[in-house]
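I opened my notebook beside the viewer and went through the chains one topic at a time. Here is what I looked up, in the order I jotted it down.

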Number of protein chains: 6
Amino acid sequence: MEGSQRFGVRGDSPGHAGIGGTFAGRRLVLDAEGLEGVDVAVVGAPFDDGTSNRPGARFGPRAIRAADDGGHAGRPHLGTGLDPFAVFEVIDHGDCTVAPADLERSHEHLADVLRSVLAAGAVPLVLGGDHSLSLPTLRVLSERYGRDGYAVVHFDTHADTAAELYGVRISHGTPFRVAVEEGYLDGRRAVQIGLRGTWPGPDDFTWMREAGFRWHTMDEIEERGLHRVLDDAIAHVAGAAPRVYLTVDVDVLDPAFAPGTGTPEPGGLSTRELRGALRRVASELEICAADVVEVCPPFDVAGITALAAERIALDILTGMASRRASSSAGRR
Amino acid sequence: MEGSQRFGVRGDSPGHAGIGGTFAGRRLVLDAEGLEGVDVAVVGAPFDDGTSNRPGARFGPRAIRAADDGGHAGRPHLGTGLDPFAVFEVIDHGDCTVAPADLERSHEHLADVLRSVLAAGAVPLVLGGDHSLSLPTLRVLSERYGRDGYAVVHFDTHADTAAELYGVRISHGTPFRVAVEEGYLDGRRAVQIGLRGTWPGPDDFTWMREAGFRWHTMDEIEERGLHRVLDDAIAHVAGAAPRVYLTVDVDVLDPAFAPGTGTPEPGGLSTRELRGALRRVASELEICAADVVEVCPPFDVAGITALAAERIALDILTGMASRRASSSAGRR
Amino acid sequence: MEGSQRFGVRGDSPGHAGIGGTFAGRRLVLDAEGLEGVDVAVVGAPFDDGTSNRPGARFGPRAIRAADDGGHAGRPHLGTGLDPFAVFEVIDHGDCTVAPADLERSHEHLADVLRSVLAAGAVPLVLGGDHSLSLPTLRVLSERYGRDGYAVVHFDTHADTAAELYGVRISHGTPFRVAVEEGYLDGRRAVQIGLRGTWPGPDDFTWMREAGFRWHTMDEIEERGLHRVLDDAIAHVAGAAPRVYLTVDVDVLDPAFAPGTGTPEPGGLSTRELRGALRRVASELEICAADVVEVCPPFDVAGITALAAERIALDILTGMASRRASSSAGRR
Amino acid sequence: MEGSQRFGVRGDSPGHAGIGGTFAGRRLVLDAEGLEGVDVAVVGAPFDDGTSNRPGARFGPRAIRAADDGGHAGRPHLGTGLDPFAVFEVIDHGDCTVAPADLERSHEHLADVLRSVLAAGAVPLVLGGDHSLSLPTLRVLSERYGRDGYAVVHFDTHADTAAELYGVRISHGTPFRVAVEEGYLDGRRAVQIGLRGTWPGPDDFTWMREAGFRWHTMDEIEERGLHRVLDDAIAHVAGAAPRVYLTVDVDVLDPAFAPGTGTPEPGGLSTRELRGALRRVASELEICAADVVEVCPPFDVAGITALAAERIALDILTGMASRRASSSAGRR
Amino acid sequence: MEGSQRFGVRGDSPGHAGIGGTFAGRRLVLDAEGLEGVDVAVVGAPFDDGTSNRPGARFGPRAIRAADDGGHAGRPHLGTGLDPFAVFEVIDHGDCTVAPADLERSHEHLADVLRSVLAAGAVPLVLGGDHSLSLPTLRVLSERYGRDGYAVVHFDTHADTAAELYGVRISHGTPFRVAVEEGYLDGRRAVQIGLRGTWPGPDDFTWMREAGFRWHTMDEIEERGLHRVLDDAIAHVAGAAPRVYLTVDVDVLDPAFAPGTGTPEPGGLSTRELRGALRRVASELEICAADVVEVCPPFDVAGITALAAERIALDILTGMASRRASSSAGRR
Amino acid sequence: MEGSQRFGVRGDSPGHAGIGGTFAGRRLVLDAEGLEGVDVAVVGAPFDDGTSNRPGARFGPRAIRAADDGGHAGRPHLGTGLDPFAVFEVIDHGDCTVAPADLERSHEHLADVLRSVLAAGAVPLVLGGDHSLSLPTLRVLSERYGRDGYAVVHFDTHADTAAELYGVRISHGTPFRVAVEEGYLDGRRAVQIGLRGTWPGPDDFTWMREAGFRWHTMDEIEERGLHRVLDDAIAHVAGAAPRVYLTVDVDVLDPAFAPGTGTPEPGGLSTRELRGALRRVASELEICAADVVEVCPPFDVAGITALAAERIALDILTGMASRRASSSAGRR
């Protein structure tokens with residue numbers, strides 16, 4: 001199929017026409033067979049049953065897709081002219097099945113979809129949904145690449161390494177802890193960027209230290225500068241594993257830039273900083289899976305958080321494309 | 001055809017899953033050839049360039065479709081058990097092409113779609129968009145049935161019979177005037193229900209009187225009761241032509257029930273009244289075309305106006321189905 | 001001046017053009033001398049320092065004026081064709097001076113304006129602002145007509161007859177109590193319509209009973225019907241004094257119809273009921289002063305409360321006009 | 001304790017002062033021992049993990065309590081002067097423990113609280129939370145009174161009798177089905193009022209019919225009048241059991257009156273109708289448990305839904321008080 | 001001229017009093033004759049018929065004027081003490097006539113007003129309205145100064161140089177392309193600042209390059225710093241023509257700072273950066289016309305976008321005043 | 001007392017459970033006797049009668065407390081691990097009594113509470129409410145420490161040193177002027193940070209200069225950098241008095257970060273800058289009183305302003321704790 005795919009649209013109509021559009025107008029491919037030759041498969045995970053505070057991230061995937069306002073086929077980055085869709089075959093793989101009020105079943109459904117994406121050799125780019133989705137993602141990555149075959153770069157306000165949240169083990173506040181304890185992830189291969197606030201408490205940080213996690217707080221970013229911090233984070237991860245799962249909780253942004261999220265925390269990154277950082281990370285590391293999570297439309301204003309998330313996803317693709325482009329160039 | 005059609009959905013997932021859904025989950029049919037055997041074709045008209053006050057009805061068709069929260073195939077009316085989708089083949093025919101900033105071109109595009117729907121023997125059910133869309137609709141109806149071959153039942157706050165609005169001829173305030181003056185419509189076959197406010201002025205009512213229009217104000221409804229007024233309206237129209245174009249401006253509802261519209265006017269119908277009235281009208285008259293217009297999502301709250309519009313469209317279908325069901329029964 | 005007066009507007013432009021408009025496009029007359037020959041003077045009272053709960057009614061007068069969407073000169077009631085501006089000379093007399101954080105000074109300013117309106121023989125139609133404005137209004141009316149020269153018809157959820165509110169004497173919860181105790185008003189000439197909720201308490205109702213107030217609750221309206229209640233209210237007041245101050249707290253409407261107010265109470269009138277009731281009251285009684293108060297735009301949605309208030313003010317004028325018209329007819 | 005109980009408040013301050021207030025300022029009693037002599041215990045159930053569409057009802061209990069704007073001790077119904085707090089000892093029993101992302105555990109916690117309330121001889125008045133809370137409520141009622149010892153009066157848009165929702169058994173769409181199938185409830189003792197829309201489907205209604213449920217649709221209410229319908233419903237239930245569980249889903253109101261709910265459906269009751277109906281039901285039947293559920297603040301506007309819910313809870317208490325008052329009078 | 005000019009205001013009242021105010025309280029002058037001696041004439045352009053995505057900029061001019069909260073006469077910049085109204089005679093020239101649904105007619109009306117402003121030797125400062133208004137502005141500037149007599153400094157996310165948008169030639173996405181092709185503008189005299197996102201596509205940038213446009217992306221600003229970029233932009237333009245048209249699309253701001261616009265794009269300037277940049281540009285270049293466009297109030301939150309736009313307009317005036325002040329100083 | 005104190009909560013429930021919580025879950029202590037041994041007493045001042053523009057700050061204290069989303073006892077700063085509640089005994093002292101519509105009485109009530117806090121040797125941390133609360137604060141501080149015994153560090157957009165506002169002396173625009181003129185404050189001991197906009201006018205700045213005030217505008221911060229400016233401000237104040245009143249008007253933040261305030265001004269600090277600045281100020285100076293004012297929830301979006309204010313208050317405590325911790329360390 002050729003470029004833009006919005007449903008129920010005729011002719012050359014603007015983005016608000018039609019029943020709805022795929023991610024950035026990419027071809028919709030639901031069947032596993034259709035994944036052959038695909039480089040990146042966008043997958044929605046419209047559940048939020050793991051949320052402890054403001055729910056609503058179940059509406060995230062559709063809002064992120066709807067934030068695309070373009071009618072043309074490409075998405076060339078203005079600064080570089082690089083169009084990820086000219087470099088990669090990116091398709092929209094639809095949403096995983098969800099079972100409201102049964103988080104574990106939704107996790108299973110997502111895991112199934114991710115398995116078939118990875119089996120096809122494609123990179124899944126997941127649109128959340130709450131951050132508990134990292135747990136099935138990590139499980140599937142460890143199945144495919146081995147626990148030590150991948151590293152994690154994690155942009156977030158919160159470490160999400162609690163042992164439990166209000167007595168609940170599977171939650172959006174625990175995926176990286178559970179994944180380590182279940183043997184899906186080695187903490188020494190994980191780096192977190194943007195932490196701030198007062199959660200989790202000292203015990204959890206002690207556990208993280210012992211588990212080998214590295215993290216960079218907003219205080220450190222403020223003091224040393226974002227790019228110095230990225231230097232360290234990228235160097236650490238590059239040495240830890242041949243490929244990287246890049247997970248972005250939209251609440252790493254300051255609430256001014258991303259009000260539509262479940263657990264905002266003032267004092268975060270600007271979209272300008274984050275977009276640049278993600279293009280850099282994705283161009284300097286080999287991304288094997290990525291996601292943008294915790295977009296919560298009921299608390300959004302003027303759609304700016306969903307819009308930021310869509311652009312963030314494009315930035316990850318643009319970074320990946322520039323890596324591919326330069327490596328192709330290098331090969332020549 | 002297997003019932004629900006939402007895009008990018010897997011398994012038995014709730015309404016918020018996937019990229020977006022067709023009207024009430026009906027099959028999407030974009031090509032004219034696919035219209036064979038179709039009874040009703042839902043068509044979106046996502047333009048609002050004819051709006052004089054609050055714009056935004058361009059986002060109406062998608063919001064109306066998204067208001068559907070069901071995952072099952074049927075939409076049986078709870079009171080009667082009658083499911084219009086068991087009686088009729090209803091499909092979603094997508095949106096007409098739109099050209100932002102060029103209203104006449106959008107009108108042409110809509111007219112083209114309507115022509116092919118009527119040619120296939122199906123009833124178009126248009127989701128607006130601003131009320132200027134009645135102008136191409138009336139033109140196409142007169143082409144197909146002759147000026148005297150159809151009547152109009154028009155629920156609205158405003159008569160929309162101004163000669164011009166701020167000097168502009170083609171606007172959402174003028175379609176029924178222009179249609180008469182262009183020979184598409186005979187005012188003696190039109191009845192308006194729900195008028196209130198102070199617009200248009202006495203000259204326009206004088207013109208309407210001379211052109212043969214009938215109208216029933218909210219004052220009359222308040223005094224005589226809605227069903228007495230409907231008795232008169234239905235009787236008038238039933239005698240005027242063999243078929244009826246039913247056009248519903250959502251602002252006929254009180255702003256409490258439909259805040260998301262461009263030119264609200266306090267003192268209107270409740271949704272309970274309107275829903276019952278439309279089921280009645282559609283069951284007692286032969287509908288050849290229908291629409292629900294002026295849903296303006298940027299001014300909506302909690303999506304209640306779009307929801308009302310979706311239910312209104314279902315009520316029209318339910319009324320039509322009960323007419324068909326009883327006429328089938330009668331024939332037996 | 002000829003009809004519409006909006007500032008900074010050129011040509012035949014819609015309501016959103018220009019710097020802002022007067023009430024229903026009436027001529028702006030700020031000086032007392034300009035009041036000669038004026039029948040009704042609209043006056044804004046943009047203060048809310050008397051509010052005990054949600055503040056914001058200070059933005060009411062401008063929002064009410066801005067709710068007018070028309071560009072033409074007249075405002076003919078659609079049901080009757082009667083245009084109050086063809087019957088009366090109605091002007092916009094601007095806002096009284098206000099002193100934020102000094103309620104008594106704002107009251108003095110309003111009283112000054114009302115005195116000069118009454119001195120010119122005109123009827124003031126005040127746009128609030130919080131209901132404490134009834135206190136200066138009652139004072140000025142008693143100065144002009146004597147305590148026993150006028151009656152009060154009061155549409156409201158709340159009796160506003162508390163002896164004090166949180167220890168404060170001059171407040172939006174006390175004007176009718178203070179006015180009686182200061183000798184501006186005789187409770188036997190006051191009737192209240194629409195009361196509901198649980199405020200004020202039994203002591204205040206005991207005081208009201210002793211002071212001679214009459215009131216009709218929503219329960220009574222629900223049981224007997226609105227028009228029966230109006231029969232009684234109008235008959236009582238008609239016998240009590242030759243002229244009537246009609247004061248309408250927009251919270252007499254159900255919150256569905258008027259969310260934008262400071263102390264909403266579920267279970268109120270619909271706009272359809274209230275608009276008809278006010279046209280009736282104003283056509284059957286001789287109005288010497290009127291107001292619409294407690295429109296609180298920061299809590300409004302889609303502007304529907306301000307819109308309702310503007311239409312309510314027009315309904316009062318329409319009722320007055322129909323009284324004048326029929327009395328003129330009678331004289332002939 | 002003497003009347004109003006808000007925390008962190010000094011002196012005679014308005015409702016917005018302090019840290020927060022109990023339901024209608026009632027005494028807070030958390031321990032089971034404190035329930036001695038209590039007639040009604042208000043209990044919050046701040047979870048929404050059973051929600052299939054718009055989540056957010058977890059914020060309902062606090063919003064309902066915060067909707068109380070009064071500073072005085074009593075809540076005398078204005079129409080009758082009857083103050084439920086003068087008749088009954090009503091206390092606020094706080095919220096049950098909740099475990100986000102673990103609905104069954106939250107259900108257990110609620111059941112524990114309800115057991116101790118019933119054991120103390122008090123009537124629980126639960127503030128929801130999603131409607132799945134009826135499942136633990138029905139279980140506990142059957143434990144205490146036997147399956148046949150109580151009946152149900154259920155105001156709702158939706159029957160909530162699905163066998164499962166998107167494959168999930170414990171959900172806000174299934175409690176009355178599961179309760180029958182688990183033996184907590186006999187459908188022949190349940191009556192539903194206000195049903196409308198297109199959910200659930202014919203199979204579920206067939207099941208309901210066979211299980212003995214009765215229901216009254218909005219269509220029936222529109223046709224026969226609300227009070228005729230209540231006559232039938234009350235008569236049926238009065239003959240079925242000596243006591244009644246009254247459960248009110250706020251979505252029985254039209255979305256105009258209750259936009260802040262998870263699954264709104266146009267065409268419902270007005271608050272005026274519902275408030276009167278509940279006072280009647282609670283005065284004519286012996287209430288042994290009651291709740292108001294599905295208030296979803298993130299979708300509310302100007303707080304009108306939470307306000308309606310608080311008033312609804314007061315109306316239930318007022319109805320119960322008038323029953324008690326007249327039975328006391330009768331005894332004398 | 002006595003300072004503040006708000007209509008319907010008495011005494012020393014705050015900004016919310018009265019019917020509405022002119023831009024920063026300046027004198028309203030509608031007639032061309034009144035322009036004698038005027039330095040800057042503020043003109044509203046309340047149309048948005050050229051919008052392809054979110055409409056509503058028609059409400060921009062009034063919202064921008066209403067954002068002024070001051071009651072005093074001057075607007076001295078706090079940093080420098082410089083008051084543009086002490087340096088320049090600035091008046092509010094009202095809005096141009098607008099014809100909803102007829103963009104070209106509105107363009108003609110705006111062109112007429114601009115011609116008479118320029119003829120009077122004044123600088124027009126236009127408040128939009130959608131960015132299509134640059135087309136009549138460029139036409140009128142070329143009439144007055146010749147195509148080569150002026151340059152353009154353009155702050156925007158989007159280049160607005162598409163050949164057409166959805167098949168439409170006159171649109172908010174095309175003014176600078178059409179102006180070049182119609183001979184009103186020489187691309188070699190235009191510089192754009194703040195571009196980002198993925199629109200327009202490579203072909204349009206190729207055309208721009210050939211037409212001589214220069215542009216500075218947000219990526220460049222991030223890398224080199226805003227002031228270095230301004231050095232280059234100012235130097236280029238200063239050498240290109242003796243005077244400059246400064247056009248500011250408010251979407252050059254990040255959506256966090258300007259959510260109320262039609263086509264937001266994350267990653268933009270902060271208000272702090274933009275305000276300083278505009279003061280600098282206007283003080284270092286000779287401004288012959290300026291505008292602030294694309295303020296879309298229906299999507300604004302808490303009025304912050306309109307407020308930013310008003311301050312931006314004041315910053316342009318402050319920059320111009322400091323240029324005048326220093327050149328006067330120089331002359332002495 | 002054991003950590004978290006929320007009312008009506010059972011077990012380990014999330015922040016949305018229960019009736020409401022104290023500031024950061026601190027123990028509620030209303031009586032003066034309970035202040036013994038307390039280091040910091042949080043006091044709410046829920047009045048806004050001193051507001052000249054957008055009212056609503058009366059709802060600030062509750063919203064700030066409700067912004068706390070944690071369930072655990074401590075609030076360790078993530079960067080440093082320092083938990084102010086481990087260093088200090090911080091309690092919530094509830095709200096002062098407020099008298100709506102009587103600002104001076106509310107001021108007296110606040111003064112009484114502050115006197116008893118200071119008498120107990122505790123530091124008051126006031127949550128506003130409008131900025132007029134600085135007047136009673138300054139009066140009480142001068143009573144306790146003498147006019148020359150304390151200095152002021154004031155973060156704000158506005159100098160709040162007007163002689164009167166619209167003729168009113170006691171207002172949120174005048175506290176620092178009135179305090180100097182009444183002898184509570186010596187201007188030479190006050191420094192203001194973040195000023196911008198065009199208010200107040202040159203006369204007020206002249207007065208400030210003569211009174212000895214220092215101030216740092218946003219222009220200066222932009223030019224020199226925030227930390228250089230803080231160097232100067234801290235040095236000046238450190239030399240002026242042994243202790244400091246730190247007052248933070250939330251409008252010093254850019255409206256993007258704090259839309260929910262009464263008089264926003266574009267071009268302010270980010271939360272990241274302000275949070276760091278306050279931690280620094282509070283760790284380098286001896287704080288004897290502090291407040292965060294002008295949080296106006298009716299204009300907030302997604303609660304981000306209240307959230308910012310709560311974090312700001314925690315930052316002040318964290319700064320104070322780090323000072324105490326290092327001085328304890330020093331002593332050892």
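**Entry 1: who touches whom**

How far apart do the closest C-alpha atoms of chain A and chain C lie? I found 15 Å between them, and no contact joins these two chains. A note to self before going on: this is a predicted model. I then tried chain B against chain F, and they do not touch either; their nearest C-alpha atoms are 15 Å apart.

Chain B and chain A gave me a contact to look at, with 30 residues from chain B and 30 residues from chain A. I asked which elements give two or more residues to the side of chain B that touches chain A. They are β2 (20-21), α1 (60-66) and β4 (90-95) of chain B. The largest share of that side comes from β4(B), with three residues. Sorting the side of chain B that touches chain A by class, I got twelve nonpolar, twelve polar and six charged residues.

I also looked at chain C with chain F, where the contact takes 19 residues from chain C and 19 residues from chain F. On the side of chain C that touches chain F, I noted ten nonpolar, six polar and three charged residues.

**Entry 2: chain A as a whole**

For chain A I listed ten helices and ten strands. Why call chain A as compact as a globular protein of its length? Its radius of gyration is 18 Å and the globule rule gives 20 Å for 332 residues; the two are close, so the description holds. I read the span of the C-alpha trace of chain A along its principal axes as about 60 × 50 × 40 Å. Buried residues make up 70% of the 332 residues in chain A. I also checked contacts in chain A between residues at least 6 apart in sequence, and 76% of them join residues at least 24 apart.

**Entry 3: the sheet of chain F**

Next I traced the sheet in chain F. Eight strands form an open sheet in the order β4-β3-β5-β10-β9-β6-β7-β8, and the pairing is parallel. At the edges I found β4 (90-95) and β8 (214-217) of chain F, each pairing on one side only. Neighbouring strands of this sheet are turned by 15 degrees against each other on average, direction ignored.

I zoomed in on one pair: β3 (residues 40-45) and β5 (residues 123-128) of chain F run parallel and share six bridges. There, F:Val40 stands opposite F:Val123 in β5(F). Helix α3 (residues 103-119) of chain F packs on the sheet and touches β3, β4 and β5 of chain F, with its direction at about 180 degrees to that of β3(F). Helix α9 (residues 271-284) of chain F lies across β6 (151-155), β9 (244-249) and β10 (287-293) of chain F, and runs at about 170 degrees to β9(F).

**Entry 4: a pair in chain E**

In chain E I picked β9 (residues 244-249) and β10 (residues 287-293), which are parallel and joined by six bridges. The bridge partner of E:Val244 in β10(E) is E:Ile287. Helix α9 (residues 271-284) of chain E packs on the sheet, touching β6 (151-155), β9 and β10 of chain E, and its direction makes about 170 degrees with that of β9(E).

**Entry 5: a crossover in chain D**

Here I followed β7 (residues 190-195) and β8 (residues 214-217) of chain D, parallel strands joined by four bridges. One bridge pairs D:Val191 with D:Arg214 in β8(D). Which hand does the crossover between β7(D) and β8(D) have? The chain passes through helix α6 (residues 202-211) of chain D, and this β-α-β crossover is right-handed.

**Entry 6: one covered strand in chain B**

My last stop was β3 (residues 40-45) of chain B, where six of six residues are buried. I checked both faces: B:Val40, B:Val42 and B:Gly44 are buried on one side, and B:Ala41, B:Val43 and B:Ala45 on the other.

I then looked up the pairing of β3(B). With β4(B) it pairs in the parallel sense over four bridges, and B:Val42 has B:Asp92 as its bridge partner in β4(B). With β5 (residues 123-128) of chain B, β3(B) pairs in the parallel sense over six bridges, and the bridge partner of B:Val43 in β5(B) is B:Val126.

Conventions:
Residues are numbered from 1 along each chain as its sequence is written. Chains are lettered from A and ligands numbered from 1 in the order in which they are written. This is a predicted model: local features need pLDDT of at least 70, side-chain atom pairs count only at pLDDT 80 or more; totals for chains, interfaces and linings use all residues. Two strands pair if DSSP finds at least two bridges between them. A crossover is right-handed if, with the strands pointing away from the viewer, the path from the first strand over the helix to the second runs clockwise. Axes are lines fitted to C-alpha atoms, for helices over the stretch in contact, and angles run from 0 to 180 degrees between N-to-C directions. Two residues are in contact if their C-beta atoms, placed from the backbone, lie within 7 Å. The radius of gyration is taken over C-alpha atoms; the globule rule is 2.2 Å times the number of residues to the power 0.38. A residue is buried if 20 or more other C-beta atoms lie within 10 Å of its own, exposed if 12 or fewer, and partly exposed in between; C-beta atoms are placed from the backbone. Ala, Val, Leu, Ile, Met, Phe, Trp, Tyr, Cys and Pro count as nonpolar, Asp, Glu, Lys and Arg as charged, and the others, Gly among them, as polar.
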